[in-house]
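I'm opening a fresh notebook page for this structure. My plan is to look up how some helices pack and where the empty spaces sit.

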Amino acid sequence: MPIFTYLAKDLEGLDHKGSIETADSRSVATILSKKGLVVISIKQGGNDEEAFYAKFLNRVSFKNIVIITRQLATMVESGLVLSEALDILVEQQDNPKLKRVLDTLSRDVKSGLPLSSSLKKYPEVFPSVYSNLVAAGEQSGKLDLVLNQMAVNLEKDREFRSRIRGAMIYPIIVVLMMTGLATIMLTFVVPRLTSLYSQSSIDLPLPTKILIASSNILVNFWWTIIILLVVGVVAFKRWVKTSSGAYTFDSFLLKVPIVSRVIKGSALTNFTRTFGLLTTAGMPILDSLAVVSEVLNNLVYRRALQMSLQGVERGLPLSSQLEASGVFPKIVPQMFKVGEETGKVDQVSFKLAEYFETETDHLVKDMTVIIEPVVLVVLGVGVAFLVLSIILPIYKLTTNIH
């Protein structure tokens, strides 16, 4: 959505300046007139500071979406009219961007536009699966049930993401502390010891030579290291954005021990849960597969689903196509085959989602238990190397003196 900068006056003749994110300049004029302001000028585009704020400090988080979905589901399920429920959400919202989005949704619904069509105006806030689920609920007349199911599954997804992030916090903090400590030692402590060792004629141990060489590189070529890091990160990001690069990197991640199991569990949970939601809402299997294939982050699974979709379009069973892809574990095509035979594909999808979520949750807990001693061992080795590198030459010096 574009940002418009406006200049307006109130009834007392005072100037009002600001910016509004909306569909067009006519919508800006309508919003300002409702506030009792007389429009002087409207220009598309905000200043750099506002653009920075809107992009980085005014984001709509996944948590925001989970909360408003639950609130909307509760109000609609209680019998409240959709437009009134949206108005209540607008009044309660603290996030400026989300407040503007909800206000637009409310005005669109009041003008007769379906909620799903209005949601599609904001793909950066509401992903395609969200608007498609709402559309399916509107078409089947079960919007309240769909919203409630969406809220439940979004809350589960939020908890699942939180557990995975929580498991990563401890090792990340330890690694950052180790990196900071090593940098301080190599930059400030080791150079002073080097001047002391250079005054003696002793043959320095190998660990000390490695430490001094590392210190010299960091002190004398720190700018080169920073440039190489920046260039490397930029080049990597550009490579990952290409289809071949993204596929290669995602394939590599699926081969890394332990990490691959978490990624697989997360992708399979996302696939089965989202597919179950779409089919339960009444969306045809072909459309559901098309939507789910665009939602998955891992390109390997995304391409496997797209190939499966092509097979289903030719009249082949989904279970056989999932098995032929060679990407999904055997339990997935087997369970889908049972669902196709019994006509309960949606229920089977939810059962699989629960299974993969539980498996991944246990894996994350086990990984947390394993990571702690591994990090402590690595930390101990690093400290031991530093201590030996510093103490061994001092010991040699004292021995030579005596």
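**Helix 7 against helix 12**

I began with handedness: helix 7 and helix 12 cross in a left-handed way. A reminder to myself: this is a predicted model. Next I looked up the geometry of the pair. Helix 7 covers residues 128-140 and helix 12 covers residues 259-280, and they pack at about 25° with axes 9 Å apart. Angles under 35 degrees count as roughly parallel, so helix 7 is roughly parallel to helix 12. Who makes the contact? I found Val129, Asn132 and Leu133 on the helix 7 side, with Thr274, Leu277 and Leu278 on the helix 12 side. By class I noted four nonpolar residues, two polar and no charged in this contact.

**Helix 3 against helix 8**

I turned to helix 3 and helix 8, whose axes lie 8 Å apart at an angle of about 150°. Helix 3 and helix 8 are therefore roughly antiparallel to each other. I also wrote down that helix 3 passes helix 8 in a left-handed crossing. The contact list is long enough that I kept only part of it: helix 3 gives residues including Phe62, Ile65, Arg70 and Glu77, and helix 8 gives residues including Asp144, Met150, Asp157 and Arg161. How many residues of this contact are charged? I get eight charged, alongside 11 nonpolar and two polar.

**Helix 10 against helix 11**

Helix 10 spans residues 222-241, and its axis comes within 4 Å of the axis of helix 11, crossing at roughly 100°. That makes helix 10 roughly perpendicular to helix 11. From helix 10, I listed Phe236, Trp239, Val240 and Lys241 in the contact. Helix 11 answers with Ser243, Gly245, Ala246, Thr248 and Phe249. The split here is five nonpolar, three polar and one charged.

**The largest pocket**

What is the volume of the largest pocket? I have about 1200 Å³ for it. Its lining takes in 46 residues, and those nearest the centre are Asp157, Arg161, Ser266, Asn270 and Asn297. I recognised Asp157 and Arg161 from my notes on the contact of helix 3 with helix 8. Elements giving two or more residues to the pocket lining include helix 3, helix 7, helix 8, helix 12 and helix 17. By class, I counted off 31 nonpolar, eight polar and seven charged residues in the lining.

**The cavities**

How many cavities of 30 Å³ or more does the structure hold? I found two.

The largest cavity contains about 60 Å³ of space. Among its lining residues I noted Ile68, Leu86, Leu105, Phe126 and Tyr130. Helix 3, helix 4, helix 5 and helix 6 each supply at least two residues of that lining. Leu72 lines this cavity too, and Leu72 also sits in the contact of helix 3 with helix 8. Polar or nonpolar lining? My tally reads 10 nonpolar, no polar and no charged.

The second largest cavity has a volume of about 40 Å³. Val190, Leu193, Thr194 and Tyr197 are among the residues that line it, as are Thr208 and Ser389. Which helix gives the largest share of this lining? Helix 8 does, with four residues, while helix 9 and helix 17 each supply at least two. I closed the page with the classes for this cavity: six nonpolar, three polar and no charged.

How values were computed
Residues are numbered from 1 along each chain as its sequence is written. This is a predicted model: local features need pLDDT of at least 70, side-chain atom pairs count only at pLDDT 80 or more; totals for chains, interfaces and linings use all residues. Side-chain values use heavy atoms; hydrogens and water are left out. Axes are lines fitted to C-alpha atoms, for helices over the stretch in contact, and angles run from 0 to 180 degrees between N-to-C directions. Angles under 35 degrees count as roughly parallel, over 145 as roughly antiparallel, 65 to 115 as roughly perpendicular and the rest as oblique. A crossing is left-handed if the near helix is turned anticlockwise from the far one by less than a right angle, and right-handed if clockwise. Contact means heavy atoms within 4.5 Å. Ala, Val, Leu, Ile, Met, Phe, Trp, Tyr, Cys and Pro count as nonpolar, Asp, Glu, Lys and Arg as charged, and the others, Gly among them, as polar. On a 1 Å grid over the protein atoms alone, a cavity is a set of points where a 1.4 Å probe fits but cannot get out, and a pocket is an open set with protein on both sides within 12 Å along at least five of seven lines; lining residues have an atom within 4 Å of a point. Grid points are joined across faces, edges and corners, and a volume is the space filled by probe spheres set on the points.
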